[in-house]
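Got your viewer open? Let's take a short walk through this model, one selection at a time.

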Amino acid sequence: MTQLEGTFRVVSWDEERYDAADGQPTFTHARVVHELTGAIEGEVSICYLMVYRPDQTASFVGLATITASIGEQSGSFVMQDVGMSENGVSKGRWVILPGLGSGGLRDIRGDGHFASSAEGASYLLDVSL
C-alpha cells in the first residue's frame, strides 16, 4: 500500500433542502467540487445527502468521482464518503469503490480519511495502484 497525503479546497458548493417537515431533522442534498493537491492532483465531484440535527451538527454520505493524477498515472475513480460535521470541523472516511476506475487508475483500491475546518482541509489515503 502507498500512503497519499495532501490538501483540498472547495471550488463550489450548491446545497438545497429537500425535506421541510416541521419538527423533523433538516435534510439536504449538495453538489460539491473540490480541488485536490499533494499526492493526488485533480478534481473531486461529490453528491452528498446530509441531515442536520437541531444543534446544527450534521451527518453525511456521498459518492465522489475523482479525476486526477497520482504520480505518473492519471484517470478517474469513485469513492464513498461518510462523515460528520460539528463545531466547525468535518471529518469522514473515504472508501474507493472497486471496479469503477479508468485510465491509469483503473485498478486503484484503498481507503482513508479527511478533515476540514476554517484552517484548511487535508486527506490521507492508503492505496494500491
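**Stop one: His34**

Select His34 to begin: this residue is buried, with a relative accessible area of 6%. Buried here means under 20% relative accessible area, exposed means over 50%, and partly exposed is in between, using a 1.4 Å probe and counting protein chains only. Before you click on, know that this is a predicted model, where local features need pLDDT of at least 70, side-chain atom pairs count only at pLDDT 80 or more, and totals for chains, interfaces and linings use all residues. Residues are numbered from 1 along each chain as its sequence is written, and side-chain values use heavy atoms, with hydrogens and water left out.

Now colour strand β2, residues 26-38, and you'll find His34 in it. Strands are DSSP runs of E with at least two residues, helices are runs of H or I with at least four, and both are numbered from the N terminus.

Which residues is His34 in contact with, leaving aside neighbours within four places in sequence? Show Phe8, Arg9, Val10 and Val11, then add Gly42, Glu43, Val44, Ile46 and Tyr48. Contact means heavy atoms within 4.5 Å.

**Stop two: Leu49**

Next, jump to Leu49 in strand β3, which covers residues 40-52. Is Leu49 buried or partly exposed? Leu49 is partly exposed, because its relative accessible area is 45%.

Switch on the contacts of Leu49, again skipping neighbours within four places in sequence: Tyr18, Thr28, His29, Ser59, Phe60 and Val61. Then try the distance tool on the C-alpha atoms of Leu49 and Gly62: they are 13 residues apart along the chain, yet separated by 6.2 Å.

**Stop three: a surface patch**

Keep Leu49 selected, add Tyr18, Val61 and Val82, and turn on the surface: together these four make a nonpolar patch of about 340 Å². Patch members have over 30% relative accessible area and no salt bridge; nonpolar side chains (Val, Leu, Ile, Met, Phe, Trp, Tyr) are joined within 5 Å, and like charges within 9 Å. A salt bridge puts a side-chain nitrogen of Lys or Arg within 4 Å of a carboxyl oxygen of Asp or Glu.

**Last stop: the whole protein**

Zoom out and switch to cartoon view. How many helices and strands are there? The protein has 0 helices and 9 strands. Along its principal axes, the C-alpha trace spans about 50 × 30 × 25 Å. Finally, colour by burial: buried residues make up 35% of the 129 residues.

Definitions and conventions: Accessible areas come from the Shrake-Rupley method with a 1.4 Å probe; for residues, only the protein chains shown count as cover.
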